[in-house]
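Let's take a friendly walk through this model together. Have the coordinates open in your viewer as you read.

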Amino acid sequence: MTATYESTFVESEERRDLRAAVRALGSRYGLDYLIACGKEHRPADELWREAGKLGFLGVNLPEQYGGGGAGIQELSIVLEELGTAGCPLLMLVVTPAICGSILARFGTDAQKQEWLPGFADGTRRMAFGITEPDAGSNSHKITTTARRDGSDWVLSGQKVFISGVDAADATLVVGRTEDAKTGKLKPALFIVPRETPGFEYKPIEMELHLPERQFQLFLDEVRLPADALVGDEDAGLLQLFAGLNPERIMAAAYSAGMARLALDRAVDYAKQRTVWKDPIGAHQGIAHPLAQVRIELELARLMTQKAAFLYDAGDDFGAGEAANMAKYAAAEAAVRAVDQAVQTLGGNGLASEYGLASLIAGVRVGRIAPVSREMILNFVAQHTLGLPKSY
Ligand SMILES: Cc1cc2nc3c(=O)[nH]c(=O)nc-3n(C[C@H](O)[C@H](O)[C@H](O)COP(=O)(O)OP(=O)(O)OC[C@H]3O[C@@H](n4cnc5c(N)ncnc54)[C@H](O)[C@@H]3O)c2cc1C
């Protein structure tokens, strides 16, 4: 297909319709709902199920498994619009984007049959666990290890900060297996159902009002059948990257949604609030930083679209750089958007009624997870600029 001005920069009618439909759903829930779920540790089941019924959760999943047959571009629209309406769902990054993409590309037909229809209609969720307490950003250092025992796998290790484990039927755990020839450890992915003996999860108290709690996982000799392994034991890294690019693109959409929400609220307020003779938005001290945020946000959204476009076109390598840059830019734009929105509202910026204070911690997540700002700068320094590796 030859790229035209329209196909490149003007959103198609279908995508605009999708935005409007998701926005309408999100507006019925909104930020107050999200904050209430977070305070009560509820996983936003009502919104999740309704989004599933409307076909939003599985837009990127193959049609033959109940999905919409579209791509990460569409799924990122779903997340961005829910965020703009005040109710971004972190589990959208995890279940359909990471786990759904990996299973759709590398799962067996039986694994796809078992999981994808439930991801799409909102009846089943899967968490994703890679981070470990002693490895952190250095995922080459993870020590969760799987050994073979007959045809079974036995998995042991620990994970930390894993989102939504309580609401998920299973967790896709990144472990390592030993190469029979070299003895070297290589990554491999395992589906671990929540109630499997030896699998325990403990919530971490976080200062975040999110419906998705974070958990510490303890895997103590967790026995899994042979078909718990996803894809090829020898191609774990490749499979992992098939999930991590969508993760970063969705993380960018998560940040962009919250940035738009904060900016919308700040602009509305700045048009109305008058303390001298004009609305405060007439002061450049208020207007310019908001305009700056808008520019940074649009640039981040453009890079997110580019990353999603490349990923959907099958260019995993090109998508990797763009997804990292998009995630970085959107997180930075979101942190600045919320900070400036709080400033614009003055005291009300921190009042519960306006909801902006709750976003302060929410947008900070984007700078840390799923990959930190510093690790993205390392990636760009090393891979894009060709500078020596610093660690
Ligand atoms: C709300 C939330 C949800 C999460 N959900 C999940 C999930 O569902 N699944 C999952 O697997 N993980 C999840 N995580 C974990 C997240 O991916 C990690 O927190 C993140 O990758 C950073 O790892 P760390 O916290 O161990 O920080 P560390 O690796 O200890 O890093 C600490 C600081 O040092 C910096 N740093 C480290 N190494 C370098 C270096 N070489 N150069 C420069 N700076 C460096 C980092 O950038 C960071 O600022 C979640 C985290 C949060 C906060």
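The report below goes from the domains to one helix, then to the ligand and to a few single residues.

**Domains and the contact between two of them**

Please keep in mind that this is a predicted model. The domain assignment of the protein splits the chain into domain 1 (5-124), domain 2 (128-233) and domain 3 (237-384). Between the C-alpha centres of domain 1 and domain 2 there are 24 Å. These two domains touch: 23 residues of domain 1 are in contact with 17 residues of domain 2. On the domain 1 side, the elements that contribute two or more residues are α2 (13-40), α5 (90-106) and α6 (109-121). Among these, α5 gives the most, with 8 residues. By residue type, the domain 1 side that touches domain 2 divides into 15 nonpolar, 5 polar and 3 charged.

**Helix α2, from end to end**

Helix α2 deserves a closer look. It has 28 residues, and from its first C-alpha to its last it reaches 38 Å, close to the 40 Å expected at 1.5 Å a residue. If you trace the helix in your viewer, look for a kink of about 60° centred on Gly 30.

Which residues of α2 are buried? They are Leu 18, Val 22, Gly 26, Tyr 29, Leu 31, Leu 34, Ile 35, Cys 37 and Gly 38. As a reminder for reading such a list, an α-helix has 3.6 residues a turn, so residues three or four places apart point the same way. The cover over the buried residues of α2 includes α3 (45-53), α4 (72-84) and α10 (356-368).

Val 22 makes a good example from this helix. It counts as buried because it has 23 C-beta neighbours inside 10 Å, where 20 or more are needed. Leaving out residues up to four places away in sequence, Val 22 touches Phe 56, Ile 77, Val 78, Glu 81 and Leu 82. With Leu 82, the separation is 60 residues in sequence and 6.5 Å in space, C-alpha to C-alpha.

**A buried residue in α5**

Val 93 sits in helix α5. Is Val 93 buried or exposed? It counts as buried, because it has 28 C-beta neighbours inside 10 Å. Apart from neighbours within four places in sequence, Val 93 is in contact with Ile 98, Glu 247, Met 250, Ala 251 and Tyr 254. For a sense of scale, the C-alpha atoms of Val 93 and Thr 196 are separated by 24 Å, with their positions 103 residues apart along the chain.

**Around the ligand**

Where does the ligand lie? Domain 2 and domain 3 both give residues to the shell around the ligand, so it lies between them. There are 21 residues around the ligand, and Gly 136, Ser 137, Ser 163, Ser 372 and Glu 374 come nearest. At least two residues of the shell come from each of β1 (126-129), β3 (152-163), α10 and α11 (373-384). By type, the shell residues divide into 12 nonpolar, 8 polar and 1 charged.

The loop between α10 and α11 holds Pro 370. The peptide bond from Ala 369 to Pro 370 is cis, with omega near -5°. In α11 itself you will find His 383. This residue is partly exposed, because 14 other C-beta atoms lie within 10 Å. His 383 and Gly 236 are 147 residues apart in sequence, and their C-alpha atoms are 21 Å apart in space.

**Backbone angles worth a check**

Two residues other than glycine with a positive phi are set side by side here.

| Residue | Phi | Place |
|---|---|---|
| His 41 | near 55° | loop between α2 and α3 |
| Glu 221 | about 50° | strand β7 (residues 214-224) |

His 41 comes just after α2. How many C-beta neighbours does His 41 have inside 10 Å? There are 12, so His 41 counts as exposed. Glu 221 is exposed as well, because it has 11 other C-beta atoms within 10 Å. The cut-off for exposed is 12 or fewer such atoms.

Note on methods. Residues are numbered from 1 along each chain as its sequence is written. This is a predicted model: local features need pLDDT of at least 70, side-chain atom pairs count only at pLDDT 80 or more; totals for chains, interfaces and linings use all residues. Domain bounds come from an automatic or database domain assignment. Two residues are in contact if their C-beta atoms, placed from the backbone, lie within 7 Å. Helices (H or I, at least four residues) and strands (E, at least two) are DSSP runs, numbered from the N terminus. Ala, Val, Leu, Ile, Met, Phe, Trp, Tyr, Cys and Pro count as nonpolar, Asp, Glu, Lys and Arg as charged, and the others, Gly among them, as polar. The expected span of a helix is 1.5 Å times one less than its number of residues. The bend at a residue is the angle between axes fitted to the seven residues ending there and the seven starting there. A residue is near a molecule or strand if its C-beta atom, placed from the backbone, lies within 6 Å of it.
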